[in-house]
Amino acid sequence: MKSAFVIAFLIFIGGISQDKWKAPPEADKLKNPVAGQQEAIKGGKKIFATMCAICHGEKGKGDGVAGAALNPKPTNLITATFHAQSDGAIFWKITEGRAPMASYKATLSEEKRWQLVSYLRTLKQ
């Protein structure tokens, strides 16, 4: 967690652009192999609670305690804009990351990243 605060501080003092983060078009072709599976959603919920809520907030509103100093702010995961993305685009963003969000390619298996996508689909306004 200490490294997350260091990264947040460096980004805060250096600043980064507020442009919209878009996955490449080929990401839309990726299909979620565990879409709608209850066990996958449960697994994704556990991952979210331990790895994502600190920045994105318990309910995914982008209001987590570690996210307060980040620029750009963590994405609000319950908006229609977020949910308009394909599963593949969300998976790509989790996989690749973009400062201040880390890449989870080496941290989470492909299956766990898809589980996380499945859980994120349950977060709604």
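Which residue's side chain meets the side chain of Glu-96 in a salt bridge? The partner is Lys-105, and the nitrogen and oxygen sit 3.3 Å apart. Keep in mind that what you're looking at is a predicted model. Let's start with this pair and then work our way inwards.

## Lys-105 and its surroundings

Look for Lys-105 in the loop between H4 and H5. Its relative accessible area is 47%, so Lys-105 counts as partly exposed, because that label covers values from 20% up to 50%. Its partner Glu-96 is partly exposed as well, with a relative accessible area of 33%. The link between the two also shows up as a polar contact between their side chains, at 3.3 Å.

What else does Lys-105 touch, once neighbours within four places in sequence are set aside? Besides Glu-96, it is in contact with Ile-94, Thr-95 and Arg-113. You can also check where Lys-105 sits relative to Lys-93: they are twelve residues apart along the chain, and their C-alpha atoms are separated by 9.9 Å.

## The other salt bridges

Searching the whole structure turns up three salt bridges. One of them joins the side chains of Asp-87 and Arg-121, with 2.6 Å from N to O. Asp-87 belongs to helix H4 and Arg-121 to the segment after H5, so this pair ties together parts that lie 34 residues apart in sequence. Asp-87 counts as buried at 18% relative accessibility, while Arg-121 is partly exposed, with a relative accessible area of 21%. Those two values fall on either side of the 20% cut-off, which is why the labels differ.

Another salt bridge is found between the side chains of Glu-39 and Lys-42, at 3.5 Å from N to O. Both residues are in helix H2, three residues apart, which means about one helical turn separates them. Glu-39 is exposed, with a relative accessible area of 58%, and Lys-42 is partly exposed at 49%.

## Helix H5, mostly under cover

Now turn to helix H5, which runs over residues 110-120. How many of its eleven residues are buried? Eight of them are, so the helix is mostly covered. The buried ones are Arg-113, Trp-114, Gln-115, Leu-116, Val-117, Ser-118, Tyr-119 and Leu-120. They pack against three other helices: H2 (38-56), H3 (80-83) and H4 (87-96).

## A buried arginine

Arg-113 is one of those H5 residues, and it's worth zooming in on. Although Arg-113 is buried, it has no salt bridge. The nearest side chain of opposite charge is that of Glu-110, 5.1 Å away. A salt bridge needs a nitrogen and a carboxyl oxygen within 4 Å, so Glu-110 doesn't qualify.

What does the side chain of Arg-113 reach at 3.0 Å? It reaches the backbone oxygen of Leu-108. Setting aside neighbours within four places in sequence, Arg-113 is in contact with Phe-91, Ile-94, Thr-95, Tyr-104, Lys-105 and Leu-108. Notice that Lys-105, from our opening pair, is among them.

## Stacked rings

Across the whole structure, a search finds three aromatic pairs. One of them is formed by Phe-91 and Trp-114, and it is stacked: the centres are 4.0 Å apart and the planes are at 10° to each other. Phe-91 comes from helix H4 and Trp-114 from helix H5, so the pair links distant parts of the chain, 23 residues apart. Both residues are buried.

## The nonpolar core

In soluble globular proteins, nonpolar side chains tend to be buried together. Here, the largest nonpolar core has 21 residues. H2, H4 and H5 each supply at least two of its residues, and H2 gives the largest share, with six.

Which residues have the most contacts inside this core? They are Phe-48, Ile-94, Leu-116 and Leu-120. Pick out Leu-116 and trace what it touches, not counting residues up to four places away in sequence: Gly-44, Ile-47, Phe-48, Cys-52, Ile-94 and Leu-108. Two names in that list, Phe-48 and Ile-94, also belong to the core residues with the most contacts.

Terms used. Residues are numbered from 1 along each chain as its sequence is written. This is a predicted model: local features need pLDDT of at least 70, side-chain atom pairs count only at pLDDT 80 or more; totals for chains, interfaces and linings use all residues. Side-chain values use heavy atoms; hydrogens and water are left out. Buried means under 20% relative accessible area, exposed over 50%, partly exposed in between (1.4 Å probe, protein chains only). Helices (H or I, at least four residues) and strands (E, at least two) are DSSP runs, numbered from the N terminus. Contact means heavy atoms within 4.5 Å. Rings of Phe, Tyr and Trp (its six-membered ring) pair if their centres lie within 6.5 Å; planes under 30 degrees apart count as stacked, over 60 as edge-to-face and the rest as tilted. Lys and Arg count as positive and Asp and Glu as negative; His and the chain ends are not counted. A polar contact is a pair of N or O atoms within 3.5 Å; within protein, one must be able to donate a hydrogen and the other to accept it, and residues adjacent in sequence count only if both atoms are side-chain atoms. A nonpolar core is a set of buried Ala, Val, Leu, Ile, Met, Phe, Trp, Tyr and Cys residues joined through side-chain atoms within 4.5 Å.
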